[in-house]
Amino acid sequence: MAAISHWINGRTVPAGPDTRLGEVTNPATGEVTGEVALADAATTEGAIRAATEAFPGWRDTSLAKRTAILFAFRELLNARKQELAEIITAEHGKVLSDALGEIARGQEVVEFACGIAGLLKGGFSENVSTTVDVHSLRQPLGVSAIISPFNFPAMVPMWFFPVAIAAGNTVVLKPSEKDPSAANWLAALWQEAGLPDGVFNVVHGDKAAVDTILTSPDVASVSFVGSTPIAKYVYETGTATGKRVQALGGAKNHMLVLPDSDLDLAADAAVNAGYGAAGERCMAISVVVAVEQIADELVEKIAERTRTLRVGDGATEPDMGPLITAAHRDKVAGYIDAGAEAGATVVLDGRDDVPADGFFLNPTLFDHVSPDMSIYTDEIFGPVLSVVRVPGYDEGLELINANPYGNGTAIFTNDGGAARRFEREVEVGMVGVNVPIPVPVGWYSFGGWKNSLFGDTHAYGEEGVHFFTRGKVVTSRWLDPSHGGLNLGFPTHD
């Protein structure tokens, strides 16, 4: 059984005799494969202290040297990404090709950070007042903390730490205790790339570690991804102690399908975006909003495709792997129970014929879902897709805008006017037009609106990212990652 402990100041810090431990499991088998040390306040403070002491030296390291280390990290990661993907699959459960796709999306940010020198330039204005010139500077903050979720143990940290490190900050990463090994692997890779000790630290833990980070006077900024209640707590607690905080919360992403759309394309997209990664992602489509006149046909097409999906151990390359823990599987199954009891039509029941071992559910499809049902109101974070029927575009838009979340949404239509109108009128941060999951690439900002993001730095207006297809989505199997990583929501186009 693996013993997983903290990485502080360039070395693994063994767990002490009184350290609390958490179990790490292989979700495909249910087997306990490791024990992770859960940091107390003193251990967390030790990681913060290491980052604080390393900051002056790293801040004063030349941009050329920082960039060289980033390039070295990029090359090492590219050469050994299969190794990292296998770690992710073993602890998270996602399909191996999906884990590789996750690493690729994180590496986009690493590559972006390799060019950070051009973005750190200041400015100069002459004679802003008589004989008065003005210089603007961009300087690192200090210790940057990252609190990342279980569903993307490599990608989400890599959305943050490459830029923080490239800009001259030091980092304390607190990953999810459910799949912690990827963080330690990345820490060792940074050391191999030449990063000085103390610049990148990993502390494992739960609320005790999080609260220490949020209240520490030595932590300058916090980046968080998780549920909305915790995101709000992180934002309120962190800003109360003077930190800069970006806290991304939950989601309930809708996909509006209009009668003029290509229903085969829409059905492919719904399956990809609803069941990829077992629905354990904040950008999953969990609600298909179908205009009534095409709803029957669309539901049948989705069901037909879903019945072909293969569920199993992610290491064997099925279409969908297990959920992260037994507790989470049972929670998702409870939502299926609740949806059936509330009167939704169960088209496909994910509780049926599940593998005996591991934390599996099959894809579930509900029809005739109403907005008062818990399967609609709550973020389920599992392979459960709900179809809500509406009379037309206006009612669909009203439904989406009334939802308290505003992370991502999509419209499927061949009407350019309807697409442009949807872009203007929908109150959601990331919008796809015939693209099911509009996750921006590394050099665009990721972020929702409303209860999906706290701490947006765009104080004078909302920022959104819109995606369009320039051709028909190409797919052979509904979740086949060989076609542009469809299981991550990014189709290729002809």
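Student: In this predicted model, does Phe422 count as buried or exposed?
Tutor: The model is predicted, not determined by experiment. A residue is called buried when its relative accessible area is under 20%. Phe422 has a relative accessibility of 0%, and it therefore counts as buried.

Student: How many aromatic pairs does the structure hold?
Tutor: A pair of aromatic rings is described by two quantities, the distance of the centres and the angle of the planes. Rings pair if their centres lie within 6.5 Å. By this rule the count of aromatic pairs is eight.

Student: What kind of aromatic pair do Phe161 and Phe200 form?
Tutor: The centres of the rings of Phe161 and Phe200 are 5.0 Å apart, and the angle between their planes is 70°. Planes over 60 degrees apart place a pair in one class. The pair of Phe161 and Phe200 is therefore edge-to-face.

Student: How many residues apart in sequence are the parts that this pair ties together?
Tutor: Phe161 belongs to helix 5, residues 155-166, while Phe200 belongs to strand 10, residues 200-202. Because the two rings sit in these separate elements, the pair ties together parts whose separation in sequence is 39 residues.

Student: Are Phe161 and Phe200 buried or exposed?
Tutor: Phe161 has 0% relative accessibility, and Phe200 has a relative accessible area of 3%. The cut-off for this class is under 20%. Phe161 and Phe200 are therefore both buried.

Student: What kind of pair do the rings of Tyr393 and Phe422 form?
Tutor: The centres of these two rings lie 6.5 Å apart. Their planes meet at 70°, so the pair of Tyr393 and Phe422 is edge-to-face.

Student: Which helices hold Tyr393 and Phe422?
Tutor: This pair links distant parts of the chain, 29 residues apart. Tyr393 is buried, with a relative accessible area of 12%. Tyr393 lies in residues 393-402 and Phe422 in residues 416-425, which are helix 13 and helix 14.

Student: Which residues form one aromatic cluster?
Tutor: Phe161 and Phe200, already met as a pair, belong to this cluster. Phe73 and Trp190 belong to it as well. The cluster thus consists of Phe73, Phe161, Trp190 and Phe200.

Student: Which residue in strand 16 is the bridge partner of Val346?
Tutor: Strand 15, residues 345-348, pairs with strand 16 in the antiparallel sense over three bridges. Within strand 16, Thr364 and Phe366 point one way and Leu365 and Asp367 the other way, and all are buried. The bridge partner of Val346 is Phe366.

Student: Which residue of strand 17 stands opposite Thr364?
Tutor: Strand 16 also pairs with strand 17, residues 384-390, in the parallel sense over three bridges. In strand 17, the residue opposite Thr364 is Val384.

Student: How many disulfides does the structure contain?
Tutor: Cys114 counts as buried because its relative accessibility is 8%, and Cys282 is buried with a relative accessible area of 17%. A disulfide requires two cysteine sulfur atoms within 2.5 Å. A search of the whole structure gives a number of disulfides equal to zero.

Student: Which helix gives the most to the lining of the second largest pocket?
Tutor: The second largest pocket holds about 980 Å³ of space and is lined by 44 residues, with Pro149, Phe150, Val225, Gly226 and Ser227 nearest its centre. The lining divides into 24 nonpolar, ten polar and ten charged residues. Elements that each supply at least two lining residues include helix 5, helix 7 and strand 11. The most, four residues, comes from helix 8.

Student: What is the volume of the largest cavity?
Tutor: The structure has three cavities of 30 Å³ or more. The lining of the largest cavity comprises seven nonpolar, four polar and three charged residues. The space in the largest cavity is about 120 Å³.

Student: Which residues lie closest to the centre of the largest cavity?
Tutor: The largest cavity is lined by 14 residues. Those closest to its centre are Arg281, Ala284, Ser286, Glu379 and Phe381.

Student: What is the phi of Ala277?
Tutor: Most residues other than glycine have a negative phi. Ala277 is found in the loop between helix 9 and strand 14, and it is buried, with a relative accessible area of 9%. Its phi is positive, near 55°.

How values were computed:
Residues are numbered from 1 along each chain as its sequence is written. This is a predicted model: local features need pLDDT of at least 70, side-chain atom pairs count only at pLDDT 80 or more; totals for chains, interfaces and linings use all residues. Side-chain values use heavy atoms; hydrogens and water are left out. Buried means under 20% relative accessible area, exposed over 50%, partly exposed in between (1.4 Å probe, protein chains only). Two strands pair if DSSP finds at least two bridges between them. Rings of Phe, Tyr and Trp (its six-membered ring) pair if their centres lie within 6.5 Å; planes under 30 degrees apart count as stacked, over 60 as edge-to-face and the rest as tilted. On a 1 Å grid over the protein atoms alone, a cavity is a set of points where a 1.4 Å probe fits but cannot get out, and a pocket is an open set with protein on both sides within 12 Å along at least five of seven lines; lining residues have an atom within 4 Å of a point. Grid points are joined across faces, edges and corners, and a volume is the space filled by probe spheres set on the points. Ala, Val, Leu, Ile, Met, Phe, Trp, Tyr, Cys and Pro count as nonpolar, Asp, Glu, Lys and Arg as charged, and the others, Gly among them, as polar.
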